[in-house]
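User: I'd like to learn how to read a model like this one, feature by feature. Could you walk me through it?

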Amino acid sequence: MRGAIRPGDVISYFEMCAEEGSSLRRGMNYQLRRKTTVILMSVRPGAPYKDRVEENGRVLIYEGHDNPRPTGGMSPKEVDQVGSNPDGSATQNGLFANAANGYKSGIREPEVVRVYEKIKTGIWVYNGLFLLTNAWQEESGSRSVFKFRLELANQERLPAASATMLEQSRIIPTAVKLEVWRRDGGRCVMCNAKDNLHFDHIIPYSKGGTSMDAKNIQLLCVRHNLEKRDKIE
Ligand SMILES: [Zn+2]
């Protein structure tokens, strides 16, 4: 049994959907049934969107989503991303942009976003809680796309209800995650377990350990990760 999900936890697609109480079929999910907002990202080579990790894992720049059914026989990658549907309702791009603009103009708190990342087929990592602080449109090739800025949530800025869900930790870049996964063979380095794995900082972030170097990251099962945390705390 895993308990509350923490940044760095490795989960299956099914576990991710169970965690969110929703079958997640798209990358952007504004206020699901439980009013939580969820983003699925993928920064692997060949991933369909150009998501970026910046500022040592503190900031994600997430690309908006394509118009799934453009008219005129164009492919979704050839046309502008849109903020509203033909009936005038907001697309996911529009919902996220409205939330970001509301925050920028001071009429609401930033939307809290739970971010998951696909590192391999069927293998997802929870990257933690982020705040949606900005949205804009920019040119990408011959078309216009949405971009969203997500900042790692700080405890002080987080609405009280979410504070207990937070464990402060910088996001581990995808390349580092993949290197660690390969090196450790997708198993706990202590017991070879293949389930309930966690990307563990050997020297914790709070004690100056880095997220940017595979040498400071290892795979641990939930049991060995908790044992280690008990020793450190
Ligand atoms: Zn273990």
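## Reading the zinc site, the cores and the salt bridges

User: Where should I start with the metal: what spacing do the donors of the zinc ion follow along the chain?

Analyst: They follow C-x2-C-x29-C-x2-H. Keep in mind that this is a predicted model. The donor atoms are SG of Cys188, Cys191 and Cys221, plus ND1 of His224, and they lie 2.0 to 2.4 Å from the zinc ion.

User: Which geometry do the four donor atoms make around the zinc ion, and why?

Analyst: General idea: four tetrahedral donors ideally sit at angles of 109.5 degrees. Here the angles run from 98 to 115°, so the arrangement is tetrahedral; the label requires all angles to lie between 85 and 135 degrees.

User: Is Cys221 buried or exposed, and what about His224?

Analyst: The cut-off for buried is under 20% relative accessible area. Cys221 has 6%, so Cys221 is buried. His224 is buried too, at 11%.

User: Let's zoom out. How many helices and strands does the chain have?

Analyst: Five helices and ten strands. Of the 233 residues in the chain, 50% are buried. For the contacts, take pairs at least 6 apart in sequence: 56% of them join residues at least 24 apart.

User: How do I read the buried side of a helix? Which residues of helix 1 are buried?

Analyst: The general idea is that an α-helix has 3.6 residues a turn, so residues three or four places apart point the same way. In helix 1 (residues 13-20), the buried residues are Met16, Cys17 and Glu20. They span an arc of only 95° around the axis, so they are on the same side of helix 1.

User: What do the buried residues of helix 1 pack against?

Analyst: Four strands: strand 1 (10-11), strand 3 (37-41), strand 6 (111-120) and strand 7 (123-140). Just after helix 1 comes Gly21, with a positive phi of about 60°. Ser22 is in the loop between helix 1 and strand 2 (28-29). With a relative accessible area of 14%, Ser22 is buried. Beyond its neighbours within four places in sequence, Ser22 contacts Cys17, Leu32 and Arg33.

User: On to the cores. Which residues have the most contacts inside the largest nonpolar core?

Analyst: Leu132, Phe148 and Leu150, in a core of 20 residues. Strand 3, strand 5, helix 2, strand 6, strand 7 and strand 8 each give two or more residues to this core. Another core, of 17 residues, lies apart from it and includes Ile119, Val176, Trp181 and Leu219.

User: What does Leu150 touch?

Analyst: Leaving out residues up to four places away in sequence, its partners include Ile39, Val59, Tyr62, Val113 and Phe130. Arg58 is also one of the residues that Leu150 touches.

User: How would I read a single helix residue, say Ala97: which residues is Ala97 in contact with?

Analyst: Setting aside neighbours within four places in sequence, the contacts are Ala135, Phe146 and Phe148. Ala97 belongs to helix 2 (residues 92-104) and is buried, at 10% relative accessible area. Sequence distance and spatial distance are worth reading together: Ala97 and Gln137 are 40 residues apart in sequence, while their C-alpha atoms are 9.6 Å apart.

User: Last topic: how many salt bridges does a search of the whole structure find?

Analyst: Twelve. One of them pairs Glu63 with Arg143, whose closest N and O atoms are 4.0 Å apart. This pair links distant parts of the chain, with Glu63 in strand 5 (residues 59-63), Arg143 in strand 8 (residues 143-152), and the two positions 80 residues apart. Both Glu63 and Arg143 are buried.

User: What about the pair Glu111 and Arg108: how far apart are the closest N and O atoms?

Analyst: 2.7 Å. Burial splits this pair: Glu111 is buried at 6%, whereas Arg108 is partly exposed at 27%.

User: And by how much of a helical turn are Arg223 and Glu227 separated?

Analyst: About one turn, because they are four residues apart in helix 5 (residues 222-232). Their side chains meet in a salt bridge of 3.4 Å, N to O, and Glu227 is partly exposed at 37%. Elsewhere, salt bridges that share partners join Glu63, Asp66, Lys77, Arg143 and Lys147 into one network.

Notes
Residues numbered from 1 in each chain as written. Predicted model: local features only at pLDDT ≥ 70, side-chain atom pairs only at ≥ 80, totals over all residues. Heavy atoms only, no water. Donors = N, O, S within 2.8 Å, 3.2 Å for Na, K, Ca; no water. Tetrahedral: all angles 85-135°; square planar, octahedral: opposite > 155°, others 65-115°. Buried < 20%, exposed > 50% of the residue type's maximum accessible area, 1.4 Å probe, protein only. Contact = heavy atoms within 4.5 Å. Arc of directions from axis to C-beta. Core = buried A, V, L, I, M, F, W, Y, C linked by side-chain atoms within 4.5 Å.
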